Amino acid sequence: MAATSRGTSPVPPDVRPRLTVLSGPSGVGKSTVVAHMRTVHPEVWLSVSATTRKPRPGERNGVHYFFVDDEEFDKLVANGELLEWAEFAGNRYGTPRRAVLDRLEAGEPVLLEIDLQGARLVRQSMADARLVFLAPPSWDELVRRLTGRGTEAPEVIERRLAAARIELAAESEFDTTLVNTSVEDVARELLALMLQASDLPDSSG
């Protein structure tokens, strides 16, 4: 079953590459899609976020995140060097502006995977960014993914579901919706959108 694209508008072939932002509710599979893109479509540059949290085992600086301390992060914010930033679970995360702009100016397709709040902030910073909403095949499927093995307390699960309802309600703010029926299909559809915006040849075969 193919990914479903909703609300895609044609892009003139002579435009400069646009930043593509992938967002959607927690549990919809954004990270899985991005991991697939890293492996199958290495021609797509994936933005690396800066964070104040400590590296986890196996994480490499500059690959998974740019690991900085609070003072360095404060300077990034003060100097306007982040497209967006937010605090989550006591740590801050942000998207370095210069790296994204450099890649776009070089004519490369750029993908950024962030949460709803971050996507809204990017839209404010870069009005021409393409915002792509990743939706679940159904509410029941999202509930299944969020509840997982049922090891969380009922109140934790309810908070997750309440947040997911709010995130799903934001779909109309996005330029395009892709329904995550298949990671491979979503990645293929997402790449097609990015190449359309960048006027680049499709090398996916």
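This briefing describes the fold, one sheet, an aromatic group and several single residues of the protein. The model is predicted. The protein has 205 residues, of which 44% count as buried. Its secondary structure consists of 7 helices and 10 strands.

**Overall figures**

- Among contacts between residues at least 6 apart in sequence, 70% join residues that are at least 24 apart.
- The protein exposes about 10,800 Å², and carbon and sulfur atoms supply 51% of that area.

**The four-stranded sheet**

- An open sheet is formed by 4 strands in the order E5-E4-E7-E6, and its pairing is mixed.
- Strand E5 (66-67) and E6 stand at the edges with a single partner strand each, so one side of each is left without a neighbour in the sheet.
- The parallel pairing is that of E4 and E5, which are joined over 2 bridges. Here Thr-51 stands opposite Phe-67 in E5.
- Strand E4 (residues 50-51) also pairs with E7, in the antiparallel sense and over 2 bridges. In this pairing Ala-50 stands opposite Gly-94 of E7.
- Strand E6 (residues 82-88) and strand E7 (residues 91-96) are antiparallel and pair over 5 bridges.
- Two of the positions matched between E6 and E7 can be named: Leu-82 has Pro-96 as its bridge partner in E7, and Trp-85 stands opposite Gly-94 in E7.
- Gly-94 therefore has a residue opposite it in each of two pairings, with Ala-50 and with Trp-85.
- The hairpin of E6 and E7 has 2 residues between the strands, and Ala-89 takes a positive phi near 55° there.
- How much of E7 is covered? The strand is mostly covered, with 5 of its 6 residues buried.

**Aromatic rings and a charge over a ring**

- The model holds 4 aromatic pairs. In one of them, Tyr-65 and Phe-67 have ring centres 5.9 Å apart and planes at 55°, so this pair is tilted.
- The angle of 55° falls between the cut-offs for the other two classes, since planes under 30 degrees apart would count as stacked and planes over 60 as edge-to-face.
- Tyr-65 and Phe-67 belong to one aromatic cluster together with Tyr-93.
- Are Tyr-65 and Phe-67 buried or partly exposed? Tyr-65 is partly exposed at 22% relative accessibility, whereas Phe-67 is buried at 18%. The two fall into separate classes because buried means under 20% relative accessible area.
- Trp-85 has Arg-92 over its face, at 6.0 Å from the ring centre.

**Helix H2 and its ends**

- Helix H2 covers residues 70-78, and at its start a side-chain oxygen of Asp-69 reaches to within 3.2 Å of the backbone nitrogen of Glu-71.
- Just after H2, Gly-80 takes a positive phi of about 65°.

**His-36 in helix H1**

- His-36 is part of helix H1 (residues 30-40).
- Apart from neighbours within four places in sequence, His-36 is in contact with His-41, Val-183, Glu-184 and Ala-187.
- One of these partners, Glu-184, is 148 residues away from His-36 in sequence, yet their C-alpha atoms are 7.5 Å apart in space.

**Thr-20 in strand E2**

- Thr-20 lies in strand E2, which covers residues 19-23.
- With 0% relative accessibility, Thr-20 counts as buried.
- Not counting residues up to four places away in sequence, Thr-20 touches Val-110, Leu-111, Leu-112, Arg-130, Val-132, Leu-190 and Met-194.

**Phe-133 in strand E9**

- Phe-133 sits in strand E9 (residues 130-135) and is buried, with a relative accessible area of 1%.
- Which residues does Phe-133 contact, leaving aside its neighbours within four places in sequence? They are Ser-23, Gly-24, Pro-25, Glu-167, Leu-168, Glu-171, Phe-174, Thr-176, Thr-177 and Leu-178.
- Gly-24 is 109 residues from Phe-133 in sequence, while the C-alpha atoms of the two are 5.2 Å apart.

Note on methods
Residues numbered from 1 in each chain as written. Predicted model: local features only at pLDDT ≥ 70, side-chain atom pairs only at ≥ 80, totals over all residues. Heavy atoms only, no water. Phe/Tyr/Trp six-rings, centres within 6.5 Å; stacked < 30°, edge-to-face > 60°. Buried < 20%, exposed > 50% of the residue type's maximum accessible area, 1.4 Å probe, protein only. Lys NZ or Arg CZ within 6 Å of the ring centre and 35° of its normal. Pairing = 2+ DSSP bridges. Contact = heavy atoms within 4.5 Å. Areas by Shrake-Rupley, 256 points an atom, 1.4 Å probe, with all protein chains shown as cover. Polar contact = N/O pair within 3.5 Å; in protein donor to acceptor, adjacent residues only side chain to side chain.
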